Amino acid sequence: MTRTARRMFELLEPICLVTFFADECGEELAALGHPNYWSGYFASRAAPLGRVPAEVVHAAFYNFGPGEAARHIPKAWEKIPPEESLAARERGSAASVRRILGDLAETGGLVRAADLTTKAAVSASTAGRVMYAGMRTVPVPADPVARLWHSATMLREHRGDGHIAALVGARIGGIEAHVLSALAMGVYPAESFGRIHHLPKELLVAVMDGLRARGIVDAEGRFTDAGRELQRRIEELTDELAEEPYEALSAEELDELVAVLEPLSAKVRATQ
């Protein structure tokens, strides 16, 4: 089953990522009045949680630097209600998926992918899953393209909540997690990784020194054997904790879901 969770992540992640990389979502959020990318990002992704303070958003998102959430929350909601940012994210994301897929967006395979993905996405327990629980409160769209994106995003947040649990259990902080991910992807030095390279130099030095002190990276900032094994265990546990939604599908439905998702995911991935 762990292999199923990993395979579903590989197939669904490209569909989710249009939110962050395709133009339509950014254009929808900018049209509302968000002054920059990150204002729209924090406001729309945190919106299912309600008007929670920046400290809660920082905790739920986990992997941003100190003060990054507070630069946008609650300011982003002062003139733009959370539900409007959430709706704009959905409209823009669905529009980008539809544009990228072209004729595939009108096929029975996409409808079936949306149906099966939604069946999985609404089946899991919300216990201990803050971001997933927030997404579960949002109505599932009727339009198949929007429904596929929405349900894939629910599953992404479910997996993300489990990933945070795995990181906390391993005593790996949010910025440290980016270092581990960077090294696993072959990015060196890890501090140059796009998600953290902008952070204050003294903060990154402290993060790397802490990982060295724990034997996770060596003097050059590369994985030790222990660090590489730790990163592997975190990913393995993340996959295990992502299993539950797919237990709602029969073996036949899982095979069908893979088959209908593969051409859709490949088409989206080819554009990124």
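**Entry 1: the second largest cavity**

I began with the second largest cavity, where α8 gives the most to the lining, with 4 residues. Helices here are DSSP runs (H or I, at least four residues; strands are E, at least two), numbered from the N terminus. A note to myself on what I am looking at: this is a predicted model, local features need pLDDT of at least 70, side-chain atom pairs count only at pLDDT 80 or more, and totals for chains, interfaces and linings use all residues. Residues are numbered from 1 along each chain as its sequence is written, and side-chain values use heavy atoms, with hydrogens and water left out.

I had to look up what a cavity is: on a 1 Å grid over the protein atoms alone, it is a set of points where a 1.4 Å probe fits but cannot get out. A pocket is an open set with protein on both sides within 12 Å along at least five of seven lines, and lining residues have an atom within 4 Å of a point.

How many cavities of 30 Å³ or more are there? I get 2 by this rule. The second largest has a volume of about 70 Å³, where a volume is the space filled by probe spheres set on the grid points, joined across faces, edges and corners. Its lining is made of Cys16, Thr19, Phe20, Arg45, Arg89, Trp149, Thr153, Arg156 and Glu157. Both α1 and α8 supply at least two of the lining residues. I sorted this lining by class and got 3 nonpolar, 2 polar and 4 charged residues. The classes go like this: Ala, Val, Leu, Ile, Met, Phe, Trp, Tyr, Cys and Pro are nonpolar, Asp, Glu, Lys and Arg are charged, and the others, Gly among them, are polar.

**Entry 2: the largest cavity**

Next I checked the largest cavity, which holds about 110 Å³ of space. Its lining has 13 residues, and Phe9, Leu155, Arg156, Arg159 and Tyr246 lie nearest the centre. Here too, α1 and α8 each give at least two residues. The class split is 9 nonpolar, 1 polar and 3 charged.

**Entry 3: the pockets**

On to the open spaces. The largest pocket has about 1300 Å³ of space. I found 41 residues lining the largest pocket, with Phe9, Glu13, Asn63, Arg156 and Arg195 closest to its centre. Which elements supply at least two residues each to that lining? They are α1 (2-21), α3 (37-46), α4 (54-61), α8 (144-169), α9 (174-184) and α11. I noted 21 nonpolar, 9 polar and 11 charged residues there.

The second largest pocket comes to about 190 Å³. It is lined by 15 residues, and Trp38, Phe64, Glu68, Arg71 and His198 lie nearest its centre. The elements giving two or more residues to this lining are α3 and α9. By class I wrote down 6 nonpolar, 6 polar and 3 charged.

**Entry 4: salt bridges**

Then I turned to charges that pair up. A salt bridge here is a side-chain nitrogen of Lys or Arg within 4 Å of a carboxyl oxygen of Asp or Glu. The structure holds 21 of them.

I looked up glutamate 253 and lysine 119, whose side chains meet in a salt bridge at 3.0 Å, N to O. This pair links distant parts of the chain: glutamate 253 is in helix α12 (residues 251-270), lysine 119 is in helix α6 (residues 108-121), and they are 134 residues apart. Is glutamate 253 buried or exposed? Glutamate 253 is buried, at a relative accessible area of 16%, while lysine 119 is partly exposed at 36%. The cut-offs: buried is under 20% relative accessible area, exposed is over 50%, and partly exposed is in between (1.4 Å probe, protein chains only).

Helix α11 (residues 225-241) was my next stop, with arginine 232 and glutamate 229 sitting 3 residues apart, about one turn of the helix. Their side chains meet in a salt bridge of 2.7 Å, N to O. Arginine 232 is partly exposed at 38%, and glutamate 229 is partly exposed at 31%.

Glutamate 229 also pairs with arginine 233, the closest N and O atoms being 3.9 Å apart. Those two lie in α11, 4 residues apart, again about one turn. I put arginine 233 down as partly exposed, at 43%. My last find was a network: Arg6, Arg159, Glu235 and Asp239 are joined by salt bridges that share partners.
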